[in-house]
Amino acid sequence: GETAPCVVMEHVRQDNTVVEHCIRDAHPGHSFTLIEFFSISCSACRENLPILTELAMEIGGNTTTRLVSIDRSRMAVLDYIEQNR
């Protein structure tokens with residue numbers, strides 16, 4: 001029942017600009033935030049992406065879903081995103 005602490009994350013936009021924001025405050029009115037950590041080099045992580053996409057569509061409503069990469073190379077992640085839209 002307590003409010004979650006503010007988790008500040010970088011959001012890389014399609015134009016490669018980076019915006020920092022507090023996940024808790026990014027979507028007012030949403031009661032829950034699902035955060036999935038993954039790596040582009042992890043085959044199980046990549047296999048989970050379609051499942052997470054489906055889950056996000058099912059729970060929608062008052063829930064925010066965020067995917068967080070633990071990869072060190074931002075360019076590698078951006079390339080992966082571009083190739084797997």
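Of the 85 residues of this protein, 19% count as buried (buried is under 20% relative accessible area, exposed over 50%, partly exposed in between, using a 1.4 Å probe and protein chains only). The model is predicted, so to speak a computed picture: local features need pLDDT of at least 70, side-chain atom pairs count only at pLDDT 80 or more, and totals for chains, interfaces and linings use all residues. Residues are numbered from 1 along each chain as its sequence is written, and side-chain values use heavy atoms, with hydrogens and water left out.

**Exercise 1.** Work out in which order the elements of the protein run from the N terminus.

*Solution.* Start with the inventory: three helices and four strands. These are DSSP runs, numbered from the N terminus (helices are H or I with at least four residues, strands are E with at least two). Now walk along the chain, and you get β-β-α-β-α-β-α.

**Exercise 2.** Find out how β3 and β4 pair, and follow the chain from β3 to β4.

*Solution.* Begin with the pairing: β3 and β4 run in the parallel sense, over seven bridges (strands pair if DSSP finds at least two bridges between them). Next, take the route between them: the chain leaves β3, passes through α2 and arrives at β4, a right-handed β-α-β crossover. Right-handed here means that, with the strands pointing away from the viewer, the path from the first strand over the helix to the second runs clockwise. Then look for partners: Thr 33 is opposite Thr 64 in β4, and Phe 37 is opposite Val 68 in β4.

**Exercise 3.** Describe the course of helix α2, including where it bends.

*Solution.* First, the span: α2 covers residues 43-59, 17 in number, and reaches 25 Å from first C-alpha to last, close to the expected 24 Å (1.5 Å times one less than the number of residues). Second, the bend: about 30 degrees at Leu 49, with Pro 50 following within four residues (the angle is between axes fitted to the seven residues ending there and the seven starting there). Last, step just past α2, where Gly 61 has a positive phi of about 40 degrees.

**Exercise 4.** Identify the buried residues of α2 and what they pack against.

*Solution.* Pick out Cys 45, Leu 49 and Leu 52. These buried residues pack against β3 (32-38), β4 (63-69) and α3 (74-83).

Terms used. Contact = heavy atoms within 4.5 Å.
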